[in-house]
Amino acid sequence: MRDEFEPHLDPRSEEEWNEARAAAHRLVDRVIDEHRALRESECWKPMPAEVKKALNAEASQEGMGLEAALAKAQQLIQPYTSGNRHPRFWGWVKGAGTLPGILGQWMATGMNANVFGGNQGPVFVEQQVLEWFRQGMGFPEGTSGLLVDGGSMANILGLAVARHKATGGRSKTEGAEACVGLRVYGSEATHNSIQKGAELLGLGAKGVRLIPMDTQGRVDLAALEAAIQADLQAGLRPFCVVGSACTVGTGAMDPLLELRKLTDRFGLWFHVDGAIGALGRFSAKLRPRFEGMELADSLAFDLHKWGQIPYDAGCLLVRDGNLHRETFQVGAKYLGTMDGGFVAHGCHMFHAYSPLLSRGDRALKIWMTIQTLGLDRWASIFEKNVAQAVYLGELVDAQPRLERLAPTGLNILCFRFKGSGLGDAKLDAVNEKILVELQETGFCVMSPFRIHDRFCLRVCVSNHRTTRSDLEALVQRVVEIGQRLTGV
Ligand SMILES: Cc1ncc(COP(=O)(O)O)c(C=O)c1O
């Protein structure tokens with residue numbers, strides 16, 4: 001009877017509590033079992049039409065109960081994931097996740113904290129992992145940081161801080177008027193989140209200048225300088241250069257140290273988009289490749305890519321922490337601090353560092369991953385994946401039916417099947433068919449890309465489960481399918 005007057009959403013009897021416990025344990029077992037059997041399962045499989053149809057149902061009015069809801073989710077949703085946990089998932093730039101990370105995520109979900117700030121464990125753990133990242137990335141004390149949902153948001157927020165600085169804070173008070181003529185520069189391979197940011201921040205797409213690249217896919221420094229000079233002469237306002245560590249298409253590494261020098265000469269903000277590669281700096285062996293990144297004004301990188309943290313998690317570091325806070329802080333009576341308690345004066349308030357107030361806990365899964373596995377084992381994956389991309393390049397070079405279309409990037413290789421006497425149009429179609437067949441048969445997932453307007457198979461090895469033999473099998477399959485499709 002009591003429930004009628006005081007409804008709540010918890011189990012309503014001892015029996016229901018036991019049912020919840022048993023269901024949760026079964027779910028855990030299932031997830032562990034799935035991981036144990038990843039290699040034997042399809043990398044990806046399409047969701048059949050009848051499953052989509054079954055999912056397309058009215059929301060339950062009465063509630064179907066935990067057992068029934070879980071059974072449906074397990075049947076209709078769980079088998080049709082994007083596949084990035086699998087050892088042969090190499091599409092786009094995705095991480096495979098780890099079990100400690102999953103446990104951290106589950107624990108955080110159980111805690112259900114709103115990490116806006118204040119005196120609570122999730123705030124302190126986020127500060128702790130940010131401190132690890134600050135040190136690992138070689139940033140000075142006074143750097144601020146924030147976990148966000150991914151590299152796109154980290155890039156956009158970094159750009160917002162740069163805009164705040166460039167307009168002397170007027171972008172905050174006067175809005176778009178203060179941004180007229182602002183220009184941000186990056187190579188033609190710059191990730192589209194920079195353009196999204198420019199559009200959102202009142203610069204418009206025309207505020208982004210994409211600069212040609214050299215043969216290695218790095219920004220052409222002379223062309224960059226010429227573009228900045230030309231814009232200055234035209235009365236425009238260059239304010240920021242974005243360097244990529246590394247580029248999403250081919251994995252090229254922009255000359256970060258030179259970019260820092262150039263931005264210093266012109267008094268520009270230097271932002272590094274390290275969404276894919278920056279974590280490589282945690283490996284002593286790879287660190288020299290990132291020279292200059294530690295000098296950036298702001299650095300964006302992802303944890304859910306190479307860091308193998310379960311989705312989602314990205315990070316922004318800003319060298320001038322005060323400027324970062326100034327950019328976003330807006331006073332509000334309902335967010336005041338007190339002499340003690342949960343929001344005591346001096347507590348760290350993450351909401352002052354981005355447009356977001358409510359934030360989930362992204363730090364615990366990172367903390368769990370790093371503390372469980374250790375920085376050395378974590379970093380060994382970055383070294384392994386870099387070596388694997390090089391090895392794949394060697395396999396491609398040694399195979400007369402294949403050709404690479406770009407130099408091996410940090411952990412990325414772009415190649416294609418080639419058949420003698422086949423024109424580019426035919427080869428485009430054949431390679432697209434190869435890619436689709438490999439996805440649809442569940443063998444592997446690569447993603448499509450075009451270099452010099454030629455379709456290619458793009459492999460990004462940001463996967464701790466990939467082995468050497470997976471790459472050997474890939475080369476063999478591509479050749480087999482290509483030969484079958486072309487008869488050569
Ligand atoms: C270079 C680069 N920057 C930014 C992003 C965006 O990251 P996210 O997907 O985490 O938003 C990506 C995504 O692949 C990327 O490759």
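**Exercise 1. In which sense do strand β8 (residues 402-404) and β9 pair, and over how many bridges?**

Solution. The model is predicted: local features need pLDDT of at least 70, side-chain atom pairs count only at pLDDT 80 or more, and totals for chains, interfaces and linings use all residues. Residues are numbered from 1 along each chain as its sequence is written.

Step 1. Fix the terms. Strands (E, at least two residues) and helices (H or I, at least four) are DSSP runs, numbered from the N terminus. Two strands pair if DSSP finds at least two bridges between them.

Step 2. Read off the pair. β8 and β9 are antiparallel, with three bridges. L402 has F417 in β9 as its bridge partner.

**Exercise 2. Place β9 in its sheet and describe the surroundings of that sheet.**

Solution. Step 1. Find the other partner of β9. Strand β11 (residues 454-460) pairs with β9 in the antiparallel sense over four bridges. Here C414 has R458 in β11 as its bridge partner.

Step 2. Add the remaining strand. β10 and β11 are joined by five bridges, again in the antiparallel sense. The bridge partner of P448 in β11 is L457.

Step 3. Write the order. The open sheet has four strands, β8-β9-β11-β10, and its pairing is antiparallel. β8 and β10 (447-451) are the edge strands; each has a single partner strand, so one side of each is left without a neighbour in the sheet. From one strand to the next the twist averages 45°. Angles run from 0 to 180 degrees between N-to-C directions, with axes as lines fitted to C-alpha atoms, for helices over the stretch in contact.

Step 4. Check burial. A residue is buried if 20 or more other C-beta atoms lie within 10 Å of its own, exposed if 12 or fewer, and partly exposed in between, with C-beta atoms placed from the backbone. Six of the six residues of β9 (residues 412-417) are buried, so the strand is largely enclosed by the rest of the structure. I412, C414 and R416 point one way from β9, while L413, F415 and F417 point the other way.

Step 5. Add the helices. Contact between two residues requires their C-beta atoms, placed from the backbone, to lie within 7 Å. Helix α14 (residues 375-398) lies across β8, β9 and β11, at about 20° to β9. α15 lies across β9, β10 and β11, and runs at about 30° to β11.

**Exercise 3. Is E440 buried or exposed, and which helix holds it?**

Solution. Step 1. Locate the residue: E440 belongs to helix α15 (residues 424-440).

Step 2. Count its neighbours. E440 has 12 C-beta neighbours inside 10 Å and therefore counts as exposed.

Step 3. Look along the chain. E440 and W44 are 396 residues apart along the chain, yet 7.2 Å separates their C-alpha atoms.

**Exercise 4. Describe the sheet of seven strands and the place of β2 in it.**

Solution. Step 1. Write the order. The sheet is open, runs β1-β7-β6-β5-β4-β2-β3 and has mixed pairing. At the edges are β1 (144-148) and β3 (208-211); each has a single partner strand, so one side of each is left without a neighbour in the sheet. The twist averages 20° from one strand to the next.

Step 2. Take the two partners of β2. Strand β2 (residues 182-187) runs parallel to strand β4 (residues 237-244), and four bridges join them. Y185 stands opposite V241 in β4. β2 and β3 are also parallel, over four bridges, and S187 has I211 in β3 as its bridge partner.

Step 3. Check burial. In β2, six of the six residues are buried, so the strand is largely enclosed by the rest of the structure.

**Exercise 5. How many residues surround the ligand, and which are the closest?**

Solution. Step 1. Count the shell. A residue is near a molecule or strand if its C-beta atom, placed from the backbone, lies within 6 Å of it. The ligand is surrounded by 15 residues, and G150, G151, S152, H191 and A275 are the closest.

Step 2. Find the main contributor. Helix α7 (residues 151-166) gives the most to this shell, with three residues.

Step 3. Sort by class. Ala, Val, Leu, Ile, Met, Phe, Trp, Tyr, Cys and Pro count as nonpolar, Asp, Glu, Lys and Arg as charged, and the others, Gly among them, as polar. The shell has five nonpolar, eight polar and two charged residues.
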